[in-house]
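Q: Please take a close look at one buried part of this structure and then set it in its surroundings. Give the cut-offs behind each term as you go.

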Amino acid sequence: MSHLSQRPEKPVVGVPMPHESATLHVTGAALYTDDLVHRTKDVLHAYPVQVMKAHGRITALRTGPALAVPGVVRVLTGADVPGVNDAGMKHDEPLFPDTVMFHGHAVAWVLAETLEAARLGAAAVEVELDELPSLVTLREAIEAGSFHGARPEMLSGDVEAGFADSAHVFTGELQFSDQEHFYLETHAALAHIDEAEQVFVQSSTQHPSETQEIVAHVLGLHSHEVTVQCLRMGGGFGGKEMQPHGFAAVAALGAKLTGRPVRVRLNRTQDLTMSGKRHGFHAQWKIGFDADGRIRALDATLTADGGWSLDLSEPVVARALCHIDNTYWIPNARIAGRVARTNKVSNTAFRGFGGPQGMLVIEDIMGQCAPLLGLDPTELRERNFYRLGQSTPYGQPVVQPERISAVWQHVQDNANFADRKREIAAYNAANPHTKRALAITGIKFGISFNLTAFNQGGALVLIYKDGSVLINHGGTEMGQGLHTKMLQVAATTLGIPLHKVRLAPTRTDKVPNTSATAASAGTDLNGAAVKNACEQLRGRLLRVAATQLGSNASDVRIVEGVARTLGSDRELAWDDLVRAAYFQRVQLSAAGFYRTEGLHWDAKAFQGSPFKYFSYGAAAAEVEVDGFTGAYRIRRVDIVHDVGDSLSPMIDIGQIEGGFVQGAGWLTLEDMRWDNSDGPHRGRLLTQAASTYKLPSFSEMPEEFHVTLLRNATEEGAVYGSKAVGEPPLMLAFSVREALRQAAAAFGPSGVGVELASPATPEAVYWAIQAARRSDTSRNGRTTDGSATDGTTRTDTEALSGA
């Protein structure tokens, strides 16, 4: 076992424990960015001037009326920017635009003594607009040829030969919805300038270093003149990876110009109408199977709705392409990706980062094609699992493919799958107006940033004379338990009790040039960096202990806060050891660093090994559907998930449960709607509150919910043998969608395949039920209208969000 993976005697990692701030969360004592306003003197409040048109060139911007509003101090416009008027990493996101690009685009910001004064001032600003044509839907953009960014293409094998060898060929398309992050804490920033003209920004950001970089270039400063701190976030889910930068820059610019602290905090409607979402996608596909139902070839084009600017759309599309295979070997593939430019908010990272979109395409294909091939969907999926020695379409060998089958079989055993399938068949035969279904789906999710440079982490660990320890690392806490795991890693590596260790807020002046806490890599990168720093300190302390105990350093062990020599009863308490080290002038601080090894990626050729490892999992979901309304309930969910050797089992199980529920929300409930009419409100987000945007609640939870961590699953070469857990569980929710498809099909004749919109709302399920009832499709050698094909099976499918 590698040094990084090996656990010492009596480790603190692996022990179930609550989130380090759980008590603070539930008592309301935990501080978030906007809570700091009440501890700050003379704060000015910023309010955006939003233009409620989808597209248009600004011909006049009059701020005078706002300055006449009592309490208004200043109106920020593009003329006030001393540096670069841009808040994006692609230089395509002007902070103060001269062209409105989406409904609700902020063109100026009002600063006032109170939030109400700022609101009234923003309402008084006069904006004249020369309206321009707008593209609101993904289909409109595709038809207009409106695209931006790179257009990657992934090729493997011989696609044409693969189709020629196929006994069955199917074609179709799928369009599925975007998703709102709906974190509890909206975007927030608080900036002030100190006596040395240094800029200090408190920001709810997943990427403090990039926020620092953007603030610096907007203000025309160097990065060392800007410090960004993130205490914690009330949720992020990827929505605070790129999007916070502009809000932090507005606060910093206001503070620089007025000399007073400036607060930006969006209300819920502003957050919904101004910040990006998960990318909605359109997929056009063609797939070939041999006579045994094994995939021979796949040709697909994936189009993401990027919105008005690029943001992270290019890497999102790249990850979608890298995950369209999911758990299935596709020997011949041609997968193209592109980013559509629309007049909507700039879509951004969201838990899974394109992976869910790519995997949904292949799972939808498998769900549709199984009945057409005369196979049970479970059997079709099993036949196409990766085997040892096979590689992904982008050329990375799939290591540990046996875990795909292991979690699959384990979840079937836990769920009593075969017996329940028989019970469901009997129930359906006896109940014409309600149907049940039990579906199982698996996942294979790559862990690491696709951009190799991002796969690095840093830490700073300090030991004080009294034996207490303070950790700083580059990751941010958004409720996912990263800080809890870092405390456990530090205590384990140093060999001390957990209460000896405290963790400091994430700051750019403690650990520089950090990567975003994203891609499920936060624990892998920062945990390894914390471990590295602690190992440096432990090595120094072992030498001190050896002199005190009269032995060799290699024979000394520090366990539970006591240094002992092997084979001796002599010992030295941790606090005494640290004090001795101080008097011997031994350095008691260390900077740790980690870079993920073994990665290489050619973005142009779209080939390489971009991922350190794959995370595996499987879920079985049972649903019951009402044939009159399409309403449904999730009766039971069983999950088996591979997290390696868990660093913190309670945290990991919570992440699996939460990820699954968020995925089920995306796939079944969360139906974003935009006004795509030609009326005066074209481009307006219609679902701009919890009253119109349906989030998962307790009533949508499975009545039975069982989560099991895969045992004996040490991940070689990862910190203490663990694996990432943040994103992969979201895709386990495909099992719910596939169960809904099968339940809808059960209202029709045997062997019917049905199309199902995404999200699969009750309305969408109702229409799928109606289609099943009307269907007389045979299973072999027929199209959906019943006509024969020329030796292959072909079907045209279309599932439109909201159709």
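A: K344 is buried, with a relative accessible area of 6%; buried means under 20% relative accessible area, exposed means over 50%, and partly exposed is in between (1.4 Å probe, protein chains only). The model is predicted, so local features need pLDDT of at least 70 and side-chain atom pairs count only at pLDDT 80 or more, while totals for chains, interfaces and linings use all residues. Residues are numbered from 1 along each chain as its sequence is written, and side-chain values use heavy atoms, with hydrogens and water left out.

The partner of K344 is D305, and the two side chains form a salt bridge at 2.8 Å, N to O. A salt bridge here is a side-chain nitrogen of Lys or Arg within 4 Å of a carboxyl oxygen of Asp or Glu. K344 sits in the loop between β15 and α10 (355–372) and D305 in strand β14 (residues 295–307), so this pair ties together parts that are 39 residues apart in sequence. Helices (H or I, at least four residues) and strands (E, at least two) are DSSP runs, numbered from the N terminus. D305 is buried as well, with a relative accessible area of 2%.

By this rule the count comes to 51 salt bridges. Another of them joins R334 to E160 at 3.1 Å, N to O. R334 belongs to strand β15 (residues 333–341) and E160 to helix α5 (residues 159–164), so the pair ties together parts that are 174 residues apart in sequence. R334 is partly exposed at a relative accessible area of 23%, and E160 is partly exposed at 49%.

A further salt bridge lies within one helix: D576 and R579 meet at 3.0 Å, N to O. These residues are three apart in helix α16 (residues 574–583), about one turn of the helix. D576 is partly exposed at 39% relative accessibility, and R579 is partly exposed at 38%. Elsewhere, E363, D364, R381, R737, E738 and R741 are joined into one network by salt bridges that share partners.

Next, a small stretch of sheet. Three strands form an open sheet in the order β21-β22-β23, with antiparallel pairing; two strands pair if DSSP finds at least two bridges between them. Its edge strands, β21 (556–559) and β23 (571–573), each pair on one side only. From one strand to the next the twist averages 20 degrees. Strand β22 (residues 562–565) is joined to β23 by three bridges, and the two run antiparallel. Within this part, V562 stands opposite A573 in β23. Helix α15 (residues 522–549) lies across β21, β22 and β23 and runs at about 115 degrees to β21. Axes are lines fitted to C-alpha atoms, for helices over the stretch in contact, and angles run from 0 to 180 degrees between N-to-C directions. Contact means heavy atoms within 4.5 Å.

A buried residue in another strand is A618, in β27 (residues 613–626). Its relative accessible area is 0%. Not counting residues up to four places away in sequence, A618 touches V407, W408, V411, T441, G442, D638, I639, V640 and L732. The C-alpha atoms of A618 and G446, which are 172 residues apart along the chain, are separated by 15 Å.

Last, the empty space. A search of the whole structure finds three cavities of 30 Å³ or more. On a 1 Å grid over the protein atoms alone, a cavity is a set of points where a 1.4 Å probe fits but cannot get out, and a pocket is an open set with protein on both sides within 12 Å along at least five of seven lines; lining residues have an atom within 4 Å of a point. Grid points are joined across faces, edges and corners, and a volume is the space filled by probe spheres set on the points. The largest cavity holds about 340 Å³. It is lined by 18 residues, of which E93, G246, F247, M274 and W308 are the closest to its centre. The elements that give two or more residues to this lining are β5 (105–112) and α7 (244–258), and α7 gives the most, with four residues.

The second largest pocket holds about 700 Å³. Of its 28 lining residues, E314, P315, N450, L451 and F454 are the closest to the centre. Helix α9 (residues 313–322) gives the most to the lining of this pocket, with five residues.
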